[in-house]
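Work through the exercises below with the sequence and the model at hand. Each task is followed by a solution in steps.

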Amino acid sequence: MFALHILGTSGSRPTATRSVSGNYLMTPHGGLVIDCGEGFQERLVRQDLRLKRSKTGKRAKASKIRAILLTHCHLDHCWGLIPFLHTMNLDGRTEPLTIIAPGAPDGSDSKPDFNDIFGAWREMIEDEYSRGRMGYEVNWVLIPIEDELPIESPFQPFEDLHLTAIPTKHGVISVAWMISSKKRPERIVMVSGDTSRGVASFNSDSIGAELDVLIHEATYSNETHEMAEKWGHSTAEDAAEAAAAMGAKLLGMLHLSSRISEPSVLEEEARRNHNQSFVCEDGDIIEVSWGGEISVSRREGDAWTGLSIG
């Protein structure tokens, strides 16, 4: 039903084994991207080629993408967008593409946010389109974030999915993205983006359901929890508390600080509050069936093997 490809698990900078933020979600109705940091398109191409060689029948094709969802305007989450749009054009894309992001409400002096950034990007892309150099239209959607309540996207590019923005706490305008099926039983995946603890709507009552999968940042361990508070990030314990509050069946943690040398430390801390928790690796695939079964596969070379959690 859902196949979530984790394609970036590092914090603000890439490391030797982890790239900056980016996720690809394949659904029965098409693909979508949640965050698009530097080099995302290369990671997506590599993931798809490895899947093709694995002969599992799974793919991660850019041509299937119908929407790109951005959580906030920090560059490690969005700097790969414009090159990716350019490459899709070179590849002959003709289908329209929707890009949705949070923005400050009219009259707000909140900076930075996507209002100005989208303006510059839109002008660049529309100029290419007017000159006949762009083969597809881009629909830019800004969602004004005025309070802490969940907001259904004003434009829904998928007939059978709901896209909902959940305002988060990161020092800039930021949201988590909740993707849910309209078909019953409802299946739900949420990707947190960057956030500190204490998000008002991170509970099952506010979101109106319990999650199948929560992908939540865990930049720091408890040992450096003061850094998380200072920079608007979370610890593994914070992520586990959010997962428990939203009834998540599975918690995947990412956005690791380069200070984290042993991811198992984060897993140990998280499992005190939420047993089904693990640290994601680049290339992991999390699948949710219509019946609610969840599986995690981890890449070894050009093959993926099942991962036992907890």
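**Exercise 1: the sheet**

In this predicted model, nine strands make up an open sheet with mixed pairing, in the order 6-5-4-3-2-1-14-15-16. Task: find which strands stand at the edges.

Solution. Strand 6 (138–144) and strand 16 (303–306) each have a single partner strand, so one side of each is left without a neighbour in the sheet. From one strand to the next, the twist averages 20°.

**Exercise 2: a strand pair and a helix**

Task: state how strand 3 and strand 4 run, and how many bridges join them.

Solution. Strand 3 (residues 30–36) and strand 4 (residues 65–69) run parallel and are joined by four bridges. Val 33 has Ile 68 in strand 4 as its bridge partner. Helix 3 (residues 81–90) packs on the sheet and touches strand 3, strand 4, strand 5 (97–103) and strand 6. The direction of helix 3 makes about 170° with that of strand 5.

**Exercise 3: aromatic rings**

Task: classify the pair formed by the rings of Phe 114 and Phe 118.

Solution. Five aromatic pairs are counted in the model. For Phe 114 and Phe 118, the ring centres are 5.3 Å apart and the planes are at 55°. Planes under 30 degrees apart count as stacked and over 60 as edge-to-face, so the rest are tilted; this pair is tilted.

Next, position: the two residues are four apart in helix 4 (residues 114–130), so about one helical turn separates Phe 114 from Phe 118. Phe 114 is buried, with a relative accessible area of 1%, and Phe 118 is buried at 0%.

Phe 114 also forms a tilted pair with Trp 121, at 6.4 Å centre to centre. Phe 114, Phe 118, Trp 121 and Trp 140 form one aromatic cluster.

Technical notes
Residues are numbered from 1 along each chain as its sequence is written. This is a predicted model: local features need pLDDT of at least 70, side-chain atom pairs count only at pLDDT 80 or more; totals for chains, interfaces and linings use all residues. Side-chain values use heavy atoms; hydrogens and water are left out. Two strands pair if DSSP finds at least two bridges between them. Axes are lines fitted to C-alpha atoms, for helices over the stretch in contact, and angles run from 0 to 180 degrees between N-to-C directions. Contact means heavy atoms within 4.5 Å. Rings of Phe, Tyr and Trp (its six-membered ring) pair if their centres lie within 6.5 Å; planes under 30 degrees apart count as stacked, over 60 as edge-to-face and the rest as tilted. Buried means under 20% relative accessible area, exposed over 50%, partly exposed in between (1.4 Å probe, protein chains only).
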